[in-house]
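Colleague: I am new to this structure and would like a close look at a single part of it, namely the charged side chains that pair with one another. Please take me through that part slowly, and then show me how the rest of the chain is arranged around it.

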Amino acid sequence: ATPSQPNIDSIGTDGDTLSILGDNLQMGNTTANKPEIQLINRADDASGPIISFTNNRQDSGTQAGEDNDVLGTVKFIGYNDATPALKIYSQVVADIHDATSGEESGRLTFKVANHNGAHGSGLILTGGSESNEVDVTLGFGANSVVTIPGDIDLAGDIDVDGTLETDA
């Protein structure tokens, strides 16, 4: 029989830490739009809830982070219409771009399955090579189309490596 703990209203109090050691934490439900995770901040201030992902390399103690260390991944998974088989349709990956002390730079990558099920990085935000710089890569592959339905307010230069076509 499956263990059950019905009607649990609360665990712990403000200031407590609930630590769970395990490989997976799983919730399942047959109700539409459930399960749902709610994080509610009831402080009377402008702060909000936080979700933190920490990659803490351990050997004989905490080890230094390294370039390209993945800090966390959020995956969106569903079934295809074949057998059916589980597929990762999109994911968000955060990693260390540059771990150099004083030059720390992060990278946030939005990936989607593209036509053959392989993952392409359609949006990449990279911390850059100097202070107050974030580089952005849009699209994946030469056939990608980037659509901007509104205006572009450009303060810098345009570098065109292909054909420039304008309808002015």
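Modeller: A suitable place to begin is the pair K34 and E36, whose side chains meet in a salt bridge with a distance of 3.0 Å from N to O. Before going further I should say that this is a predicted model, with a pLDDT that averages 91 over the chain and reaches at least 70 in 99% of the residues. K34 has a relative accessibility of 39% and therefore counts as partly exposed, and E36, with a relative accessible area of 43%, is partly exposed as well.

A search of the whole structure finds four salt bridges, and among them are two that share R57. The side chains of E66 and R57 meet at 3.6 Å, N to O, while those of R57 and D69 meet at 2.6 Å, again N to O. The pair of R57 and D69 links distant parts of the chain, for although both residues belong to the segment before β1, they stand 12 residues apart. Taken together, R57, E66 and D69 are linked in a network of salt bridges.

The members of this network can also be described by their accessibility. E66 has a relative accessibility of 42%, so it counts as partly exposed, and R57 is partly exposed with a relative accessible area of 30%. D69, by contrast, has a relative accessibility of 8%, and because buried means under 20%, D69 counts as buried.

D69 deserves a longer look. Besides its salt bridge with R57, a polar atom of the D69 side chain lies 2.9 Å from the backbone nitrogen of E66. When neighbours within four places in sequence are left aside, D69 is in contact with N55, R57, A94, D95 and I96. Of these, A94 leads us into the strands, for A94 in β2 is the bridge partner of G72.

The sheet to which this brings us is an open one, formed by five strands in the order β1-β2-β3-β4-β5 with antiparallel pairing. Its edge strands are β1, covering residues 70-79, and β5, covering residues 135-138, each of which pairs on one side only. On average, and with direction ignored, neighbouring strands of this sheet are turned by 20 degrees against each other. As for confidence, β5 has the lowest mean pLDDT among the elements of the chain, at 94, and β3 has the highest, at 97.

We can now follow the sheet from one edge to the other. Nine bridges join β1 to β2, and these two strands run antiparallel; they form a hairpin with six residues between them. Strand β2, which spans residues 86-98, is in turn joined by eight bridges to the antiparallel strand β3, which spans residues 105-113. Within that pairing S90 stands opposite V112 of β3, and D98 has S105 in β3 as its bridge partner. The hairpin of β2 and β3 also has six residues between its strands, and G102 in the turn has a positive phi of about 85 degrees.

From β3 the sheet continues through seven bridges to β4, residues 119-126, in an antiparallel arrangement, where the bridge partner of F110 is L123. Five residues lie between the strands of this hairpin, and H115 takes a positive phi near 55 degrees there. The last step joins β4 and β5, which pair in the antiparallel sense over four bridges, with T137 in β5 as the bridge partner of I124.

One residue of the sheet brings us back towards the place we started to explore, and that is R107, which is found in strand β3. Its side chain makes a polar contact with the side chain of N68 at 2.7 Å, and R107 makes another with the side chain of D95 at 2.6 Å. Residues up to four places away in sequence not being counted, R107 touches N68, V93, A94, D95, I96, H97, I124, L125 and T126. A94, D95 and I96 are also listed among the contacts of D69, and D69 itself lies in the segment before β1. A reader tracing the model could therefore move from the buried D69 to A94, D95 and I96, and from those residues on to R107.

Technical notes
Residues numbered from 1 in each chain as written. Predicted model: local features only at pLDDT ≥ 70, side-chain atom pairs only at ≥ 80, totals over all residues. Heavy atoms only, no water. Pairing = 2+ DSSP bridges. Axes fitted to C-alpha atoms, helices over the stretch in contact; angles between N-to-C directions. Polar contact = N/O pair within 3.5 Å; in protein donor to acceptor, adjacent residues only side chain to side chain. Contact = heavy atoms within 4.5 Å. Buried < 20%, exposed > 50% of the residue type's maximum accessible area, 1.4 Å probe, protein only. pLDDT = per-residue confidence, 0-100.
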